[in-house]
Amino acid sequence: MIKFILTCVLTLSPIASFAATDQFTIKTLVGDDTQPPTTPVLLSAVPVTASQIDLAWSVSTDNLAVGGYVLSRDSVAIATTTLTSYSDSGLNSETPYTYEVYAFDTSYNLSTTSNALSTTTLSLPPPPTTPTSTDIANNSGSQSTRAVQLKNIEVITFTNKAILEWQTYGISRYLIRWGKTYEYKDGYITNETFSTSHKTILAELEPATDYWYELTAITPSGNKVILKTGQFKTVETTEIFSPPNVLRLQARQDIDDVILSWQSPTSVSIKEIRVVRNPNSYPADIYDGKIIYSGTGAGATDKGALKDAGKQFYSVFVIDDNDNISSGAVVSVSRFFSSPVESTNDLPATGTISTDSDKVENTELTDELPSILGREDIYLLQSDLIYTFASERIPLVYQEQFVIRIPYEALPKHLKSIIVTILDPTDQRRSYSFLLRLNTEKTAYEATIAPLNVLGVSRLQVEVFDFEAKVVATKKKQIDFVVSNVQTNPEVVFPDKIVTAIKYTSPLFYLGVGTFLILFLLWLIKRRGEDN
């Protein structure tokens, strides 16, 4: 079977300066699905202006999942989208156009083409006229005389962006400017699509900062109307860690099947655990491959995964109730044996973790490769304590989760993956691997590791892979899982040996001493009575 990978980008705001908005990527990895989706029905093609036609079509269905739709104008594809509507702009006035649409699924099976609809764009409106003094006096700039009026607007702020969504009475396109002063010098966005509903994102803003904005509507005839001038403040920076990953991820081959198992973290409310498979490399996110499991269980079976592929890579993601996504626990399986074989860690390039327990306990680790990554750039965070790979010792509380972090500036911007591997303290024949992923603030690569709940000496290994799947950096560090890593002040020990002995003796000693003192006191009282 021939397999394809489809990557499409749909941009809803074609003209933008200083900020990118309303853009998303559709990325689909093909599996073994051969059934195409149902054919959509093109419902309407409505000319809105002299340069725009709005299209709408019915929803297609599929045995697995519909990937999206491809819209054609005059037999030429013009857009790929997951929506069931599209505004075709930039057209010629008074010109007929014919449209068709077809659907595709996540395995890129194509439906048949829909029915065709034809329509003609409107004629050009007359040029705007300059209002006379009489018109101004009669209308007094009243909103009721405007062709476009603001119906409502909502501004949602984040640490480094703001989302504006608004509706208008009358169709228009928009121009929005913003800045830290009322001069609006930080950026602007304009679009070419006429509509009554609009949404855009102001990106690359600074946290906890006041911004002014000006929203202008542009009518089909070219008139400009300032709909709103306002102000908002971005949210202060708060450190939000991704959810902890699953623990003890294992994969077992059973002929052509792969059986996966894991332990779910208990420190977070889990909405979903999603397992994604990719035959080329570890899936970088929940869309980077074929979804083979979605639920809240502790295992999954990937039927026939090794039938046509000699090796499969799996990433397991935890999604919490706030839709935050973990960095991903990873494992790979190769078809080298006919009998069931376990695999817990198989990195896509060189670099392994030694299982020599004497070295783990007694020697400092050396790096296998010269690298671009410094030991001081690899951080381990637990509660309020911060360590780096340059720290002399890293004691981690065995019942608490911890975060592995590498600053964004410490590595090149174009990498294939960063993988951290942890040696199991209770069984050094096993190791568990996790992806480090760029956080939402784009300040660091991170992975949150759930509590291992075991005491002992372990080892961390961090490897950085380039796009050729070659290791360009590798670092190792011994870590100790302990009961408590709280530092206490040394106690003062007095030189008196008797005091020292009493201080550090068991409670039985104090009971014996007390009994002796009581008996001695009773004897002393009796002796004095006999003397009198």
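1. **Trp523 and its patch.** Trp523 lies in helix α4, which covers residues 507–531. Helices here are DSSP runs of H or I with at least four residues, strands are runs of E with at least two, and numbering starts at the N terminus. Trp523 has a relative accessible area of 46%, so it counts as partly exposed. The scale is simple: buried means under 20% relative accessible area, exposed means over 50%, and partly exposed lies in between, with a 1.4 Å probe and protein chains only. Trp523 also belongs to a nonpolar surface patch with Val513, Phe516, Leu517 and Phe520. Together these residues have about 520 Å² of accessible area. A patch takes residues with over 30% relative accessible area and no salt bridge; nonpolar side chains (Val, Leu, Ile, Met, Phe, Trp, Tyr) are joined within 5 Å, like charges within 9 Å. A salt bridge is a side-chain nitrogen of Lys or Arg within 4 Å of a carboxyl oxygen of Asp or Glu.

2. **What you are looking at.** This is a predicted model, in which local features need pLDDT of at least 70 and side-chain atom pairs count only at pLDDT 80 or more, while totals for chains, interfaces and linings use all residues. Residues are numbered from 1 along each chain as its sequence is written, and side-chain values use heavy atoms, with hydrogens and water left out.

3. **The whole protein.** The protein has 4 helices and 34 strands. Of its 532 residues, 42% are buried. About 28,200 Å² is exposed, and carbon and sulfur atoms supply 53% of that. These areas come from the Shrake-Rupley method with a 1.4 Å probe; for residues, only the protein chains shown count as cover. How much of the contact total comes from residues 24 or more positions apart? Among contacts with a separation of 6 or more, the share is 65%. A contact means heavy atoms within 4.5 Å.

4. **A sheet of three strands.** One open sheet runs in the order β4-β5-β8, with antiparallel pairing. Strands β4 (42–49) and β8 (85–89) are at the edges with a single partner strand each, so one side of each has no neighbour in the sheet. From one strand to the next, the twist averages 20°. For such angles, axes are lines fitted to C-alpha atoms (for helices, over the stretch in contact), and values run from 0 to 180 degrees between N-to-C directions. Strand β5, residues 52–57, is joined to β8 by 5 bridges. Two strands count as paired if DSSP finds at least two bridges between them. Across this pair, Gln52 faces Ser89 in β8.

5. **Ala56, a residue to click on.** Ala56 sits in strand β5. Is Ala56 buried or partly exposed? Its relative accessibility is 22%, so Ala56 is partly exposed. Ala56 and Thr84 are 28 residues apart along the chain, yet their C-alpha atoms are separated by 5.8 Å. Leaving out residues up to four places away in sequence, Ala56 touches Val41, Leu42, Leu43, Ser44, Thr84 and Ser85.

6. **A sheet of four strands.** A second open sheet has the order β7-β6-β9-β10, again with antiparallel pairing. Strands β7 (76–81) and β10 (117–120) are the edges, and each pairs on one side only. Neighbouring strands are turned by 30° against each other on average, direction ignored. Strand β9, residues 96–105, pairs with β10 over 4 bridges. Pro96 stands opposite Thr120 in β10.

7. **Strand β6.** Strand β6 spans residues 66–73, and 6 of its 8 residues are buried, so the rest of the structure largely encloses it. Strands β6 and β9 run antiparallel and share 7 bridges. One bridge partner to find is Phe104 in β9, which pairs with Gly68. On to β7: this strand pairs with β6 over 5 bridges. There, Ser72 is opposite Ala77. β6 and β7 also form a hairpin with 2 residues between them. Asp74, in the turn, has a positive phi of about 55°.

8. **Positive phi in two loops.** Glu94 is in the loop between β8 and β9. Its phi is near 50°, a positive value in a residue other than glycine. Glu94 is exposed, because its relative accessibility is 55%. Where is Glu204 found? Glu204 is in the loop between β14 (195–202) and β15 (210–218). Phi of Glu204 is positive too, near 55°. With a relative accessible area of 70%, Glu204 is exposed.
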